[in-house]
Amino acid sequence: MTTLRKIFLRREAGIAVMIVLFCLAVGAVKPQFLTLDQLRIILLLTPLVMIGAMGQMLVIVARHVDLSIGSMLGVSAMVSGMLYRYDATWFGVDMPWWGGIPISIVVGALLGLGNGLLITLFRLPAIIVTLGTLSLYRGLTFIISNAKQIDRQWIPSELKGLAQTSPIMGIPWIIFIAFGVALATYFFAMHTRVGRQIFALGSNPVAAPLRGIKVNQVTLLVFAISGALSGLAGILYASRWGFVNPSNTGSGFEFQVIAAVVIGGASINGGVGTVLGTVLGVLLLGCVSAALPLLGIPGTSQAAIYGAVILIALVIDRSVRQQGIASLKRARA
Amino acid sequence: MSTTKTAPAQADSSPVRPRWQTLLIRPETMTFMLLVVGVFGGSVLSPFFLDLSYILRSFTLYSELAIVALVLTMVIIAGEIDLSPAANMALSACIFAWAQASGVPIPLAIVIGLLSGLAMGALNAFLVIGLQLPSIIVTIGTLTLFRGLAQVLAGDKSIRVPEWFIGVDKIMLAGIPLPVVLFIVLAIGLGIVLGGTIFGRNIYQIGTNEVAARHAGIRSARIKSSLFLLVGLVASVAGIMTASRLGSVRYDIAAGGELQMVLMAMLGGTYIFGGRGTILGTFLAAWLLVIVSTGMIVANVLPAVQLVVLGGLLIVAIIATNLIYSRTQR
Amino acid sequence: MFKKALVLGLAAGLAFASTAMAQDALKIVYIGKNTGNPYFDSITGGFVDACESLGCEFEFVAPATAEATSQIPFIEAQIQRGVNVIGIAPNSPDALNQVLEDARSKGILVLTVNGDITGNEQYRDATILPVNFDIVGRDQVEMVGSLIGYEGEIAILSATTEAPDQNKWIVGMNETLKADAKYAKMSLVATVYGDDQPEKSTTEMEALLSNFPNLKGVIAPTTVGIAAAAQVVQSRGIADKVAVTGLGLPSEMRDFVKDGTVKAFQLWSPYNEGWLAVHFALGVIDGSIKNEVGSTFEVPNLGTITINANNSINTQAELTTFNAENIDEFDF
Amino acid sequence: MTDTAVAPLISARGIGKTFATVDVLRDVDLDLLPGEIHALLGENGAGKSTFAKILAGVHRPTRGSIALNGKPVEVTSPVVAQKLGITLIHQEPISFPDLSVAENLVIGAAEDGWFSRVPWAEMTREANRLMDLLGVRIDVTRPMRGLSIADQQMVEIARALASNSRLIIMDEPTAPLTPREVETLFAIARKLRDEGRTIVFISHRLEEVRALCDRVTIFRDGNKIATDTIGNLSDADIIRLMIGRPVKEYMHKTGATIGEVALEVEGLTLPGVFSDISFSVRKGEIVGLGGLVGAGRTDVAKAIFGVTPAASGTVSINGKRVSITDPSQAIALGLAFVPEDRAVAGIFRTLSVEQNISVAVPKQLAPGGFIRRAVERAMGEDAVRKLSIRLASLRQPIGELSGGNQQKAILARWLLTDPGVLILDEPTRGIDIGVKAEFYSIIGELAAQGRAILLISSELPELLALCDRVLVMSEGRLTADIPRSRATQEAVMRAAVPRRSTTEGAAA
């Protein structure tokens, strides 16, 4: 009866096994890969991608895709960076160090809302709209910054501290934030009405309006969330790397994130995706990224690996679906 | 059960639009008008802009992308999309350059480059048609893969090509650079194929209604596969032309070219959901894009503004195209 | 703004029509690697000030991204605009050859500024580099040696594997380490490449620390690399164990120097590159400077400058060292 | 149950529906009482489903009004219907395959806010309770995907219960159910009735209707013919009322000589869809293929034509065994197929009429590889003249034509291929009466020209008037092969209705 369920369970278990095997294999060559210190390094590689992946997972579950996340990350980081740079005041008070966090989230949400509006108002395919805004928002980053980088000295040290100081066990705040976002996404996706409606919408877009799901509003929300999380990733980029550059900040982010999400088992046909799978997908990519330099493999192979991984995940996704259809046919026959 | 699935149809007496009106309300007309505005705007922005030889020279910089965009137009009309050809250009150029650098004679290296482009097209075709995966996400994957493989192959270095092989863009035919001539010739050729042959006609029919096309005996899988193969092949030609123009090859040539190619097709009025579009439209749109880009560059407009204009144009183009089609045809 | 552009354009057009009148209408353009690169702000400053004092028109343009070919349409456009001098920080040592040749055939003076097209020098008139790149490797080894007491394992965190300048310096470092007995107790254990990306540079730095637990010093001869390395050291709190140095921007390194993560690092004055480039270009055009190896000329604030082999010109003899005492004097 | 003193739950007055130019429902008045099970009966296309869909908000009525408990209501969408307490259970249920069964019961139904918690435990408990009530064992935490149609339907019924609907419309719910499941369903239906709910039950199975329902309403040709208590009507009465219209004297083909076997099918099987189908069609012969919707007729046609090839079995054309895996091969062998769903599988909506006509004959159209516009125009003009297609211009998008003229264009497309075997799947669906008659004479002429014709139709009079033989399919199997002389509506109906529920007394 529950073969499909088992397959999906296997999917997550499968990634976990892959992670373990990968780590053991690398550890056999380089024993230092299996240390707690290395775990810290891997974790520190993942927070931005993990936050972005949570938004992208919801978008993919809703049967869309958002290519503009890297540029939204750039704009929202830059807006906060400019406010830090020019000592903005909030209602007469100097902007506090944490001020960039809500600002970036709001900026990201607005940009995401822009995507959502174009998609729902004009019934355009998300991929083309976000390909356009990928370029458009990147241009905005240059314009608001006048093509100037926000240097380290302008980023408040408390903010940078999020990536360095730790509340517990030497694990920096930023990692807790990322896992917090994952946890929140889990609760949102699994335990709120609208969260479930996103899955319903992606699972059967034709049936969704018949069941009273407000398709446009849900779609807008999904893209706004994707934007808001990109915004959060943006301010954390400033925290992690200590600068915001109009050209580099966030560029190529979308490919890492999409790779992580599809490895994590989210189906491009909508309706399927789990937070746990996505987290594991992010961690697997993190392990690969951390292992490459340790093994002395040139970093130039990273993009090829991501590309291959996306395609393999697509093919696996399809064969899982084929099995599902086959079992459905058997049930009918 | 009953007639519920039958879509409402118009009364028989629905008036036919006058010919001039159908001609005027076409996306290509919009593109052409934008082109005129672009030329005018460019010459106002900078006195150095309005110079035919400069525009032709600038066009050579975009000609490789424009050539691929012509074939991409056919793919989009057939209801699919391919985002990977820019990465394909880079990989096949790298394979070509790497082959000749490791001692393979140039003609053979060219063949190797073309075959690799064909193989990349075949991979896309296999995934999209063989495995029935959505082309949009497949080609995001292959785009990353091809670009990544190019990076593995070439690393961060440039691979030089021999001196005599350099300069395809310097060869002039009647004062027009060879890449531009190729673009024009290919546009005419593909325009005839698309507009005048059964193959072209079938592409529209598949893009309009693939189920009906299959029922009418059109081998849609075969036609779509051949289009992906053609894109792959033409992308490798474009990649090798780029190598000749630059004199060297790097993994990042034509980076971001997929946006420009899609933009050319969309600006030319190709309908993103398939079934509509013309080679003429893409032809005009390629010129429009060159005019707009070089107009801005020669006027020293911030590159940022150029990014905004390109992204904005893409969105405006699809909105306008959708509106035009929904207005004039059902 | 539209109007202004129009007027400017017209003015430029008129000026173009009367090039014979020359000097006060000379147009200089500097093409950076990409926009948003803080390094070029400083170079541009030198260009702007020099043009103001000497009376020429200056503009800075750059593509949005630093791919090998992204500068080509910009060079084409400048040829079309009829500028007199193109200064460029090339994104590729060879992809620009064809278009630079076009520019020179139109009588435009082509200078590479802050980076050269190594191996293709015939496609530019001269190169303006901050220092003699032959000494960079030597100075950097001395710098890290002084920080670690001339004893222990060191590593290099560079930009990309093919970055020509960095590779030249790395060759210099290796030669210095081998040749000079002073450094006999220092061993270079690894050279890794962070591709000038913060993420990659960070993972490479972390891998260095994992692979070589006894590492004493790291040289990062690239601004992105040194900042990433410093950040890793800072967050691990191991500044007393691993010394990070290299080439960095004061604006990016200020915090690390002040909190002791980085004791000292080096660079040069990018500003002077722009300043020198304008003086040299105008001199060559009006004939007061002969663009020949061995000839010399005077530049205000910089003194006597010599044209070295390969038509290479340097703004300063030695690298500038930045440390806690002097870092606040520099604002770039 | 028919106590007139009871105020009706639903009062429909003057309900009419027009699709395009075709009236599919005319001026229907009907009261549904609380606490009754009300059967809607009629042939395919009689209007009963359309009426049900209007009640459920799937369609908006063109004319007429609906009152709920005496108050006029606008049922503008299925969501509104649900809120009003009306649930339609489709035969093939609409669901969210990736969500759990329990979620499918309630998704979209809750009124509270977007961000309110989903009460999983409570939801599961409630879902289990409903499943227990229905007597089905479905793990409510498993995803919908992979459930059998029968189970999915049970979930749908549970959903109606979950939303506490007062009117539950079941559109042929029993077709995919086993006898035990049917019994369970009936028990549930009776229970719901006794709770005071109203059940509308659409079915072809008279014995089921008799076993379950209190009143019946019979539809024919878009009109309500009669409403009465079931006890007042014999089976024979009901069948007479359903088909009561005198068979029109359609023009039958003249002078066709029936020749050799043109199409022969042996043991054609596609697991889960149809099995062991064998029949033949001779030159000049019109063979009807009747049966209920979903019996597998269209699937057999698609298998013969190579759209979805069968898993086993053979097809022979003119005595030669052939293997057809793609429609292009079928066309080359002289087959033609006018598909059932014109919009999906027939027309290229936005392309010109000309192009739609010439699409199947590329070699005639472009002998040298290039399309000859003049040839194409001639083809179009010829078709317009021969089939009297009404249009403004051959260059106009075919989507602008009426359904009948679109269908003529499709027929014209196939006539250009000069097919030896013509498969017509519901060729007159959604077409005006007048145009229908034209089609009938065309079909007769085609047979007279010596073509073999396989005519799939749900309209009994059409089959009876046109065909030399009528094959009948039921649940994926061929159940009858009735020669013209013995073909009656009753005979066809009896073979079409699934065997286990045919009643001996059904014949009139």
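**Exercise 1. Domains of chain C**

How many residues of domain 1 of chain C are in contact with how many residues of domain 2 of chain C?

*Solution.* The model is predicted, and the first step is to fix the bounds: the domain assignment divides chain C into domain 1 (14–131 + 270–316) and domain 2 (133–267). The second step is the spacing, for which the C-alpha centres of domain 1 and domain 2 of chain C lie 31 Å apart. The third step is the contact itself, in which 7 residues of domain 1 of chain C face 8 residues of domain 2 of chain C. On the side of domain 1 of chain C that touches domain 2 of chain C, there are 5 nonpolar and 2 polar residues, and no charged residues.

**Exercise 2. Chain C against chain B**

Find which element of chain C gives the most residues to the side that touches chain B.

*Solution.* Begin with the totals, which are 31 residues from chain C and 32 residues from chain B. Next, list the elements of chain C that give two or more residues to this side, namely helix 1 (2–17), strand 2 (57–61), helix 3 (72–81) and helix 4 (97–105). Of the elements of chain C, helix 3 gives the most, with 7 residues. By class, the side of chain C that touches chain B comprises 14 nonpolar, 11 polar and 6 charged residues.

**Exercise 3. A helix pair in chain B**

Describe how helix 2 of chain B packs with helix 12 of chain B.

*Solution.* The axes of helix 2 (residues 27–45) and helix 12 (residues 279–298) of chain B come within 9 Å and cross at roughly 20°. Because angles under 35 degrees count as roughly parallel, helix 2 of chain B is roughly parallel to helix 12 of chain B. The crossing of helix 2 of chain B with helix 12 of chain B is left-handed. Among the residues that meet are B:Phe32, B:Leu35 and B:Gly38 in helix 2 of chain B, and B:Leu284, B:Trp287 and B:Gly295 in helix 12 of chain B. The residues of this contact divide into 13 nonpolar, 6 polar and 1 charged.

**Exercise 4. A sheet in chain D**

Which strands of chain D stand at the edges of the sheet, each with a single partner strand?

*Solution.* The open sheet has 6 strands in the order 16-17-18-13-19-20, with mixed pairing. Strand 16 (335–338) and strand 20 (477–483) of chain D are the edge strands, so one side of each is left without a neighbour in the sheet. Strand 20 of chain D runs antiparallel to strand 19 (residues 469–474) of chain D and is joined to that strand by 6 bridges; D:Arg469 has D:Pro483 in strand 20 of chain D as its bridge partner.

Conventions
Residues numbered from 1 in each chain as written. Chains lettered and ligands numbered in written order. Predicted model: local features only at pLDDT ≥ 70, side-chain atom pairs only at ≥ 80, totals over all residues. Contact = placed C-beta atoms within 7 Å. Helix = DSSP H or I, 4+ residues; strand = E, 2+ residues; numbered from the N terminus. Nonpolar A, V, L, I, M, F, W, Y, C, P; charged D, E, K, R; others polar. Domains from an automatic or database assignment. Axes fitted to C-alpha atoms, helices over the stretch in contact; angles between N-to-C directions. Parallel < 35°, antiparallel > 145°, perpendicular 65-115°, else oblique. Left-handed = near helix turned anticlockwise from the far one by under 90°. Pairing = 2+ DSSP bridges.
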